[in-house]
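Please open the model in your viewer and keep the selection panel at hand. The stops below go from a pair of helices to the contact between domains.

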Amino acid sequence: MELKRVVVTGLGALTPIGNNIEEYWEALVAGKSGGAPITYFDTEKFKTKFACELKNFDPLDFFDRKEVRRLDRFAQYAIVASDEAIKDSGINLDTVNKYRVGVIWGAGIGGLETFQNEVINFATGDGTPRFNPFFIPKMIADIAPGNISIRHGFMGANYTTVSACASAANAMIDALNNIRLGHSDIIVSGGSEAAVTMAGMGGFNAMHALSTQNDNPETASRPFDATRDGFVLGEGAGTLILEEYEHAKARGAKIYAEVLGGGLSSDAYHMTAPHPEGNGVVAVMENCLRNAEMKPEDVDAINTHGTSTPLGDVAELKAISKVFGEHAKTMNINSTKSMTGHLLGAAGAIEAISAILSMKHGIVPPTINHEHKDENIDPELNLTLNKAQERDVKVVMSNTFGFGGHNACVLFKRFDE
């Protein structure tokens with residue numbers, strides 16, 4: 001069976017540094033940080049008092065008050081980003097075969113704020129179980145693609161992948177394979193997360209995962225820097241419209257990139273820590289290259305997982321050096337989490353968008369906030385430090401890894417007929 005080609009025909013983003021694709025890309029190239037003090041709740045007693053929240057986002061700009069009450073923030077974000085991507089794709093919603101349009105989404109946690117608030121309300125009450133009737137449908141992780149499909153009438157495959165911070169990349173790989181095998185013409189894919197909550201911040205603080213540099217929230221996310229002390233929590237959503245090539249060509253769609261392949265692996269090592277030698281990361285990148293039928297020397301740039309954790313950054317770069325050898329020193333390697341923070345289940349989507357736009361514009365966004373060299377990191381690697389770099393990028397890789405040892409890797413190619 002000959003696999004069908006899959007291309008990207010639409011993009012949408014809602015991020016801590018930009019509320020649409022244009023704003024997001026401009027901020028990436030400029031090296032803008034999304035880190036700032038938390039505004040959603042009182043952080044006086046929290047170890048970490050900052051995050052990468054959305055800026056100037058009002059759900060009433062997109063939904064009526066009844067809809068807002070029925071949607072957790074993570075679902076709101078998913079719908080807004082997907083609306084942008086669907087519009088960007090130019091899909092004719094009146095004529096497209098909606099039975100062959102699906103939504104495969106990623107979310108690591110789902111409606112955490114809804115769960116938190118409902119449990120608090122119950123715990124502080126008199127024991128009577130007075131729960132909001134929308135408690136469960138607001139909270140469950142699969143409700144985001146459900147709402148996207150309801151909004152647009154898409155009746156194809158519809159579900160959520162949950163693999164912690166690899167969720168959106170897992171969703172894109174599932175979407176790729178669904179179209180490759182001929183099951184769908186179009187899949188709306190990506191991820192969303194809204195974990196900047198009391199439970200989210202408290203939980204990640206308890207496991208010592210977050211940076212605590214409260215005096216410097218703008219520079220706290222510092223991948224590859226010797227003084228990094230944990231990731232900065234972010235929120236938002238990213239959407240990619242994946243489409244079968246002949247279908248896209250027939251309707252005259254603009255094409256951003258071709259999705260060459262995807263790889264998956266497991267660390268099988270620890271609940272939260274990566275293998276120190278990056279064994280699972282080596283495997284996922286090799287699996288991705290094999291699936292895409294590409295050689296290591298074909299890759300021009302890698303958007304790393306690069307969370308700004310002491311162990312994770314070193315393990316990933318060791319793995320890159322193992323897979324790519326001397327070619328690793330010729331590539332551009334970057335971490336856009338230095339600007340957006342870590343969007344957990346949405347990270348793979350917004351980072352894939354950055355990777356695709358780097359091919360379109362010939363610019364690799366920087367890894368900002370780097371001041372101190374880490375002696376455990378090969379100094380010959382080009383980590384695209386502090387300033388965007390112009391480059392003719394033809395093939396780009398995007399890495400995402402999740403707690404539990406989940407690894408996902410996607411490879412994109414600049415589109416050529």
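Contact here means heavy atoms within 4.5 Å, and helices are DSSP runs (H or I, at least four residues) numbered from the N terminus. This is a predicted model, in which local features need pLDDT of at least 70 and side-chain atom pairs count only at pLDDT 80 or more, while totals for chains, interfaces and linings use all residues. Residues are numbered from 1 along each chain as its sequence is written, and side-chain values use heavy atoms, with hydrogens and water left out.

Select Ala 168, Ala 169 and Met 172 in α7, which meet Gly 348, Ala 349 and Ala 352 in α13. By class, this contact of α7 with α13 has five nonpolar residues, one polar and no charged; Ala and Met count as nonpolar, and Gly as polar.

Widen the selection to all of α7 (residues 167–180) and α13 (residues 347–361), which pack at about 70° with their axes 5 Å apart. Axes are lines fitted to C-alpha atoms over the stretch in contact, and angles run from 0 to 180 degrees between N-to-C directions. The two helices α7 and α13 are therefore roughly perpendicular, a term for angles of 65 to 115 degrees.

Next, colour domain 1 (7–251) and domain 2 (262–414) separately; these bounds come from an automatic or database domain assignment. Their C-alpha centres lie 21 Å apart, and the contact takes 65 residues from domain 1 and 62 from domain 2.

Finally, show Asp 374 and Arg 228, which form a salt bridge with the closest N and O atoms 2.9 Å apart; the term requires a side-chain nitrogen of Lys or Arg within 4 Å of a carboxyl oxygen of Asp or Glu. Between domain 1 and domain 2 the count is two salt bridges.

How values were computed:
Angles under 35 degrees count as roughly parallel, over 145 as roughly antiparallel, 65 to 115 as roughly perpendicular and the rest as oblique.
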